[in-house]
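This briefing covers the pockets, the nonpolar core and the confidence of one protein chain. The sequence and structure come first, followed by notes grouped by topic.

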Amino acid sequence: MTREELNITVNEYFTEHLGEDFWTALTEKQQKAAVKMALSDVQAQYPFDLANVNDPDSAVVKAIAEQALHLAQNYEELAENKVVTGESAEGVSNSFSVIGDPGIGHRAAAFIDQAKEAERGKPVRFFRG
């Protein structure tokens with residue numbers, strides 16, 4: 001899969017998704033930036049070659065899409081190394097929690113775990129150099 005194909009696939013993923021309205025309200029530039037950053041985040045957790053991803057419905061693609069949405073929704077807080085953990089409408093206050101990990105969204109993390117689990121049990125070849 002190319003990066004352009006990934007961008008198209010991520011946009012298709014958000015059809016009939018609870019985050020669809022938020023995602024489609026982003027500019028194309030913001031969407032592409034979120035996908036590019038999400039790709040790096042997911043590859044840091046689960047190394048893979050995008051050129052070898054052929055299934056648009058794979059856990060890896062879903063992880064990238066979910067991470068892109070997470071980044072777009074929380075970028076300012078993530079850039080400050082904190083995420084909102086509580087809000088109050090009356091007092092208009094937020095409470096934050098400092099994060100120690102790279103800010104992987106919980107849905108993205110679930111799909112990363114699914115991709116890792118799918119790799120277990122596959123034959124591994126070792127070569128002597």
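**Contacts of Leu 6**

Apart from neighbours within four places in sequence, Leu 6 is in contact with Met 1, Val 35, Leu 39, Leu 50 and Ile 64. The model is predicted, and the mean pLDDT of the chain is 83.

**Nonpolar core**

- The largest nonpolar core holds 31 residues.
- Leu 6 is among the members that touch the most other members of this core, together with Val 10, Trp 23, Phe 48 and Ile 64.
- Helix 1 (3–13), helix 3, helix 4 and helix 5 each give two or more residues to this core.
- The most comes from helix 4, which gives 10 residues.
- In soluble globular proteins, nonpolar side chains tend to be buried together.

**Largest pocket**

- The largest pocket encloses about 240 Å³ of space.
- Two elements give two or more residues to its lining: helix 4 (59–79) and helix 5 (106–119).
- Its lining consists of 15 residues, and those nearest the centre of the pocket are Tyr 46, Val 53, Ser 58, Val 60 and Glu 119.
- Helix 5 provides the largest share of this lining, with 4 residues.
- Sorted by class, the lining of the largest pocket comprises 7 nonpolar, 4 polar and 4 charged residues.

**Second largest pocket**

- The volume of the second largest pocket is about 190 Å³.
- Leu 26, Gln 30, Ala 33, Ala 34, Met 37, Leu 71, Ala 72 and Tyr 75 line the second largest pocket.
- At least two of these lining residues come from helix 3 (28–45), and at least two from helix 4.
- Helix 3 supplies the largest share of the lining of the second largest pocket, 4 residues.
- This lining has 7 nonpolar residues, 1 polar residue and no charged residues.

**Elements that recur**

- Helix 4 gives two or more residues to the lining of the largest pocket, supplies at least two to that of the second largest pocket, and gives the most to the largest nonpolar core.
- Helix 3 gives two or more residues to the core and the largest share to the lining of the second largest pocket.
- Helix 5 likewise gives two or more residues to the core, and the largest share to the lining of the largest pocket.

**Confidence**

- A pLDDT of 70 or more is reached by 74% of the residues in the chain.
- Among the elements of the chain, helix 1 has the highest mean pLDDT, 97.
- The lowest mean pLDDT among the elements, 55, belongs to strand 2 (residues 93–98).

Technical notes: Residues are numbered from 1 along each chain as its sequence is written. This is a predicted model: local features need pLDDT of at least 70, side-chain atom pairs count only at pLDDT 80 or more; totals for chains, interfaces and linings use all residues. Side-chain values use heavy atoms; hydrogens and water are left out. On a 1 Å grid over the protein atoms alone, a cavity is a set of points where a 1.4 Å probe fits but cannot get out, and a pocket is an open set with protein on both sides within 12 Å along at least five of seven lines; lining residues have an atom within 4 Å of a point. Grid points are joined across faces, edges and corners, and a volume is the space filled by probe spheres set on the points. Ala, Val, Leu, Ile, Met, Phe, Trp, Tyr, Cys and Pro count as nonpolar, Asp, Glu, Lys and Arg as charged, and the others, Gly among them, as polar. A nonpolar core is a set of buried Ala, Val, Leu, Ile, Met, Phe, Trp, Tyr and Cys residues joined through side-chain atoms within 4.5 Å. Buried means under 20% relative accessible area, exposed over 50%, partly exposed in between (1.4 Å probe, protein chains only). Contact means heavy atoms within 4.5 Å. pLDDT is the predictor's confidence in each residue, from 0 to 100.
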